[in-house]
Amino acid sequence: MKSVKFLSVVAAAALAATAALAAAPVKEVESAKGKVLAGENGMTLYTFKKDAKGVSNCNDDCAKNWPPLMAASDAKADGAYSIIDRKDGKKQWAKDGMPLYYWVKDKKAGDITGDGVGGNWELAKP
């Protein structure tokens, strides 16, 4: 009987650990413009108007200024969060199909200096 209880506890812990790995590395934070999405590091995330659902059009020099929110090769889609394939073969997180990016000029958690840049970048909203 003890071994059955122990196995149940181990199975539940393994399931919880798997669920934690599957979740997108995104959280909601408060900004000067209300709630926005941020990476696990607290840095604001953005979307690019020139992207299409499931397609990143920010590559090469663009991606140097707007680093993609990269997904591990074993990451799994989770609700509104999906994983897209980038032109370079790497994986990137997207929300509602729209790829997510950081902005290199944001220096600390809560900065939103990328909002509206070039008329093409918007805060990622929950």
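This is a short tour of a predicted model, with stops at a disulfide, two nonpolar cores and three salt bridges.

**Stop 1: the disulfide**

Select cysteine 58 and cysteine 62. Their sulfur atoms lie 2.0 Å apart and form a disulfide. A disulfide is a covalent bond between the sulfur atoms of two cysteines. A search of the whole structure turns up one such link. Look along the S-S bond: the angle about it is -105 degrees, and the link of cysteine 58 and cysteine 62 is left-handed. Now show the surface. Cysteine 58 has 0% relative accessibility and is buried, whereas cysteine 62 is partly exposed at 22%. The cut-off for buried is under 20%, so cysteine 62 falls outside that class.

**Stop 2: the nonpolar cores**

Next, select Val26, Leu37, Leu45, Leu69, Tyr81, Trp93 and Leu100. These belong to the largest nonpolar core, which has 13 residues, and they touch the most other members. Centre the view on valine 26. Leaving aside residues up to four places away in sequence, valine 26 touches Leu37, Ala38, Leu45, Leu69, Tyr81 and Leu100. Apart from this core lies another, made of twelve residues, including Tyr46, Phe48, Cys58 and Leu123. Cysteine 58, from the disulfide with cysteine 62, is thus met again here.

**Stop 3: the salt bridges**

The whole structure holds eight salt bridges; three of them are visited here.

Which parts does the pair of lysine 49 and glutamate 122 tie together? Select both: their side chains meet in a salt bridge, 3.7 Å from N to O. Lysine 49 sits in the loop between strand 3 (46-48) and helix 2 (61-65), and glutamate 122 sits in strand 8 (residues 121-123), so the bridge ties together parts 73 residues apart in sequence. Glutamate 122 is partly exposed, with a relative accessible area of 36%.

Move to helix 2 and select lysine 64 and aspartate 61. The two side chains form a salt bridge of 3.4 Å, N to O. About one helical turn separates lysine 64 from aspartate 61, because they are three residues apart in helix 2. Lysine 64 is exposed, at 60% relative accessible area, and aspartate 61 is exposed too, at 54%.

Finish with aspartate 85 and lysine 91, whose side chains meet in a salt bridge at 2.5 Å, N to O. Is each partner exposed or partly exposed? Aspartate 85 is exposed, with a relative accessible area of 52%, while lysine 91 is partly exposed, with 29%.

Definitions and conventions
Residues numbered from 1 in each chain as written. Predicted model: local features only at pLDDT ≥ 70, side-chain atom pairs only at ≥ 80, totals over all residues. Heavy atoms only, no water. Disulfide = S-S within 2.5 Å. Buried < 20%, exposed > 50% of the residue type's maximum accessible area, 1.4 Å probe, protein only. Core = buried A, V, L, I, M, F, W, Y, C linked by side-chain atoms within 4.5 Å. Contact = heavy atoms within 4.5 Å. Salt bridge = Lys/Arg side-chain N within 4 Å of Asp/Glu carboxyl O. Helix = DSSP H or I, 4+ residues; strand = E, 2+ residues; numbered from the N terminus.
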